[in-house]
Amino acid sequence: MRRSVWPFVIVALLAPLVACIPGRGAPPPTAASGSAIDLAELLDAKKLRGVNRTVTRIHPTAVRLSAARGTGVAWAEPASFSNGTIEVDVRGRDAYQQSFLGLAFHRKDDETYEAVFLRPFNFRASDPVRKQHAVQYIQMPDNDYDRLRREAPEEFENPVDDSLVPTDWVKLRVVVAAAGVKIYVGSVTEPTLEVRKLGRLYGGQVGLWVGNGSGGDFANIVVTPEVK
């Protein structure tokens with residue numbers, strides 16, 4: 001019996017529509033004010049430099065960092081940032097210990113910087129300990145998550161709002177001041193995590209960050225310097 005081609009035609013017609021649904025395909029449009037960084041344009045101009053990762057375009061406004069062993073960063077050149085706000089939309093995976101993604105800033109070199117990242121697989125974890133470890137601040141290489149968890153347990157990580165879906169596009173907003181960092185995850189109005197600043201790094205490039213074994217999707221990065 002001849003198989004109908006209609007199911008395949010319908011799938012082909014619906015695919016572009018599904019790709020435009022925020023969280024499932026295309027990233028949401030940015031509404032932030034500030035200096036927007038066009039990641040796809042930077043990539044085409046070879047000004048989005050991957051360290052231990054391959055960077056590819058997945059949408060006119062979004063890029064993907066590949067998964068690999070060790071941490072990885074894609075540094076935006078020549079973007080420099082001291083104090084102020086960095087915003088980005090990120091999309092990870094709901095796969096245990098396989099999805100770590102966020103922002104790096106205050107780059108001194110490829111191993112020395114600060115970073116804020118999410119663990120989407122912990123967003124809705126039933127284990128309260130895992131749930132506590134959904135968003136993290138680190139300062140590399142001296143203060144990675146394991147040292148902070150050992151020496152200052154729970155100070156540099158927190159849970160996120162229960163409404164967040166681990167596989168959706170999620171807004172990450174990082175507000176950096178001289179003495180501390182405030183992190184907002186999703187559409188919340190109060191900080192998801194507020195920490196004291198570690199190290200003595202001030203100024204330097206902004207980058208897209210992924211953790212060991214992880215890749216991730218990024219879009220709509222906006223940098224707003226502090227007004228003095």
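Mentor: A cavity is a set of grid points where a 1.4 Å probe fits but cannot get out. Keep in mind that this is a predicted model.

Trainee: What volume does the largest cavity have?

Mentor: The structure holds 1 cavity of 30 Å³ or more. Among the residues that line the largest cavity are Val-90, Leu-101, Phe-123 and Asp-168. The volume of the largest cavity is about 30 Å³.

Trainee: How many nonpolar, polar and charged residues are in the lining of the largest cavity?

Mentor: Leu-118 and Pro-120 are in that lining, and Leu and Pro count as nonpolar. Gly-92 is there too, and Gly counts as polar. Arg-91 also lines the cavity, and Arg counts as charged. By class, the lining comes to 7 nonpolar, 1 polar and 2 charged residues.

Trainee: How much space lies in the largest pocket?

Mentor: A pocket, unlike a cavity, is an open set of points. Strand β9 and helix α4 (145–151) each supply at least two residues of the lining of the largest pocket. The space in this pocket is about 290 Å³.

Trainee: Which residues of the lining are the closest to the centre of the largest pocket?

Mentor: The lining of the largest pocket has 8 nonpolar, 6 polar and 4 charged residues. Of the 18 residues that line this pocket, the closest to its centre are Gln-97, Phe-100, Phe-117, Arg-119 and Tyr-145.

Trainee: Which strands are the edge strands of the open sheet?

Mentor: The sheet has 7 strands in the order β2-β5-β14-β7-β8-β9-β10, with antiparallel pairing. An edge strand pairs on one side only. The edge strands are β2 (48–51) and β10 (157–158).

Trainee: In β10, what is the bridge partner of Gln-136?

Mentor: Strand β9 (residues 135–140) pairs with β10 in the antiparallel sense over 2 bridges. One of the pairs sets Val-135 against Asn-158. For Gln-136, the partner in β10 is Glu-157.

Trainee: Which residue in β9 does Glu-114 stand opposite?

Mentor: Strand β8 (residues 112–118) and β9 run antiparallel and are joined by 6 bridges. Opposite Glu-114, in β9, stands Gln-139.

Trainee: How many of the residues of β9 are buried?

Mentor: Val-135, Tyr-137 and Gln-139 point one way from β9, while Gln-136, Ile-138 and Met-140 point the other way. The residues on both sides are all buried. Strand β9 is therefore largely enclosed by the rest of the structure, its count of buried residues being 6 of the 6.

Trainee: Is Ala-74 buried or exposed?

Mentor: Ala-74 is in strand β5. Its C-alpha is 5.9 Å from that of Leu-48, although the two are 26 residues apart in sequence. Buried means under 20% relative accessible area. Ala-74 has 0%, so this residue is buried.

Trainee: Why is the pair of Phe-81 and Phe-105 classed as it is?

Mentor: A search of the whole structure finds 7 aromatic pairs. The ring centres of Phe-81 and Phe-105 are 6.5 Å apart. Planes over 60 degrees apart count as edge-to-face. The planes here are at 85°, so the pair is edge-to-face.

Trainee: What relative accessibility does Phe-105 have?

Mentor: Phe-105 is in strand β7 (residues 101–109), and Phe-81 is in the loop between β5 (72–80) and β6 (84–91). Phe-81 counts as buried because its relative accessibility is 3%. Phe-105 counts as buried as well, because its relative accessibility is 0%.

Conventions:
Residues are numbered from 1 along each chain as its sequence is written. This is a predicted model: local features need pLDDT of at least 70, side-chain atom pairs count only at pLDDT 80 or more; totals for chains, interfaces and linings use all residues. Side-chain values use heavy atoms; hydrogens and water are left out. On a 1 Å grid over the protein atoms alone, a cavity is a set of points where a 1.4 Å probe fits but cannot get out, and a pocket is an open set with protein on both sides within 12 Å along at least five of seven lines; lining residues have an atom within 4 Å of a point. Grid points are joined across faces, edges and corners, and a volume is the space filled by probe spheres set on the points. Two strands pair if DSSP finds at least two bridges between them. Helices (H or I, at least four residues) and strands (E, at least two) are DSSP runs, numbered from the N terminus. Rings of Phe, Tyr and Trp (its six-membered ring) pair if their centres lie within 6.5 Å; planes under 30 degrees apart count as stacked, over 60 as edge-to-face and the rest as tilted. Buried means under 20% relative accessible area, exposed over 50%, partly exposed in between (1.4 Å probe, protein chains only).
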